[in-house]
Each structure stands twice: as structure tokens, then as C-alpha cells.
Amino acid sequence: DTLISVGELKKILTGEAKTDKNIVFDNPGSSLIRYFKTLCGVNDFKPKNIFAFKSNKEVIDYVSKNQNAIGITSYTWLYDPDNDYANAVNNVKVMAVKDESNKKFGNQYFKPSQSTLSLKQYPLRRSLFIVNCTGRMGLGSGLEMYMISDKGQYIILESGILPETLPEREVTLKRKFN
């Protein structure tokens, strides 16, 4: 139960494949549900074994207590958990996913990690874009500039995601001679 293909996942979510597993999401209106509906080409999930909680912590808690569950949540919730749900994360197995339609990596399974996300090997990744529609300098462009600065990219790195550009780090070594 630690390997799945994108094709198998699509069939489970659309009801084409029968499974005894419960598929749980973080929130009925979340971007993850929207992403998977788009991936599957459906407006709604029909199977009764697919449902959503109110938070990612609830998904992780449910999956940690139910072997019959597959939780769909963002990688960052598992990367560096808070103390209040860290024990639940320790009881969760992260599934490796392969995309059989990928010409370069179609036969390989990948777990989400900084490297597999950055190298575009993990198939269920999403990009984050900053769109500034103000047309002038202001709060929007200030946030945009901050996020692409070294400090902003460091915040992204600390969240467990490999940023587009790595902040530079200079180290000066001095040697004392007697």
C-alpha cells in the first residue's frame, strides 16, 4: 500500500476502480480537491468513499488511525509537523507515485521530497505563482519583490520546499598563524 500510479489514483477518484480504501482530503473547498478534479477531468467525485475533513491535521490523524485510508495532503504538513500532531505523522506511510504517461520517469515511483519536487520527478506537484494585477508599485509588488529576494526564498526553503533560486551563503574562513 505504499505505491500507486497516477492512472490508478484517477480510476479510484472517478469510481472506475473499486477500492475498500477511504480517500480523505483536507477541506471540501481546498485547492487540492480542485487540482484532483482537474487532473481527473470531473466536476465532482461520485464515490461514497471520498470525503473531506476541515483541516490537514484531521486528515493526518484519521490516516494514522485507519489502515483503510489514503489521505491527500500537502507535503509540507508531513515534512516538519507541529508537536500537536507529530505522533500522528510518525504513524503515516507516505506513498510513492509514478506517472506512467511520463516519457522520462514513467517506470519509476517517487515520494515527495525537496529534490523530487524540484527535479519535477514527483508527478503530483503544483507550482506556485505570484500574479500582480495592480499595474503599479505598491503592496502587491512589494510582496512579489520580497518573495523573490534571498529572505523570501529562505522562508520557502525553511517550509520544506526547495525554492526556485537558492539564497547565497557566504562563509569566510580565517586562519590564525602563530
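In the predicted model, Leu9 touches Ile4, Phe36 and Leu124 when its neighbours within four places in sequence are left aside. Leu9 belongs to helix H1 and is buried, its relative accessible area being 6%; since buried residues are those under 20% relative accessible area, the assignment follows from the value computed for Leu9. A relation between distant parts of the sequence is given by Leu9 and Pro123, which are separated by 114 residues in sequence and by 12 Å in space, taken from C-alpha to C-alpha.

Leu9 also takes part in the packing of two helices, as one of the H1 residues that meet H2. Helix H1, spanning residues 6–14, packs with helix H2, spanning residues 31–40, at an angle of about 100°, and the two axes lie 10 Å apart. Because angles of 65 to 115 degrees count as roughly perpendicular, H1 and H2 are therefore described as roughly perpendicular to each other. On the H1 side the contact is formed by Val6, Leu9, Lys10, Leu13 and Thr14, while H2 contributes Phe36, Leu39 and Cys40. Sorted by class, the residues of this contact between H1 and H2 comprise six nonpolar, one polar and one charged.

Several of these residues recur in the nonpolar interior. The largest nonpolar core holds 22 residues, and those with the most contacts inside it are Leu13, Ile23, Phe25, Phe36, Phe45 and Leu124. Two or more residues of this core come from each of the elements H1, S2 and H2, and the greatest contribution is that of H2, with five residues. For Ile23, when neighbours within four places in sequence are left aside, the contacts are with Ile12, Leu13, Asn49, Ile50, Phe51, Ile70 and Ile72. A second core, separate from the one just described, consists of eleven residues and includes Val24, Tyr62, Val63 and Tyr85.

The strands are arranged in an open sheet of three, in the order S3-S2-S4, with parallel pairing. Strand S3 (50–52) and strand S4 (69–71) are the edge strands, each of which pairs on one side only, and the twist from one strand to the next averages 25°. Strand S2, made up of residues 22–25, runs parallel to S4 and is joined to S4 by three bridges; Asn22 stands opposite Ala69 of S4. The pairing of S2 with S3 is likewise in the parallel sense and extends over three bridges, with Val24 placed opposite Phe51 of S3. Val24 thus appears both in the sheet and among the residues of the second core.

Two residues with polar or charged side chains are also assigned to the buried class. Lys21 lies in the loop between H1 and S2 and counts as buried at 15% relative accessibility. Apart from residues up to four places away in sequence, Lys21 touches Asp1, Asn49, Gln67, Asn68, Ala69 and Ile70; among these, Asn49 and Ile70 are also contacts of Ile23. Asn56 is located in helix H3, which covers residues 56–65, and with a relative accessibility of 10% counts as buried. The contacts of Asn56, with its neighbours within four places in sequence left aside, are Asp26, Thr73, Ser74 and Trp77.

A further pair of helices is formed by H7 (residues 139–148) and H8 (residues 150–158), whose axes come within 4 Å and cross at roughly 70°. That angle makes H7 roughly perpendicular to H8. The contact is made by Tyr146, Met147 and Ile148 from H7, together with Asp150, Lys151, Gly152, Gln153, Ile155 and Ile156 from H8. By class, this contact of H7 with H8 has five nonpolar, two polar and two charged residues.

How values were computed. Residues numbered from 1 in each chain as written. Predicted model: local features only at pLDDT ≥ 70, side-chain atom pairs only at ≥ 80, totals over all residues. Heavy atoms only, no water. Axes fitted to C-alpha atoms, helices over the stretch in contact; angles between N-to-C directions. Parallel < 35°, antiparallel > 145°, perpendicular 65-115°, else oblique. Contact = heavy atoms within 4.5 Å. Nonpolar A, V, L, I, M, F, W, Y, C, P; charged D, E, K, R; others polar. Pairing = 2+ DSSP bridges. Core = buried A, V, L, I, M, F, W, Y, C linked by side-chain atoms within 4.5 Å. Buried < 20%, exposed > 50% of the residue type's maximum accessible area, 1.4 Å probe, protein only.
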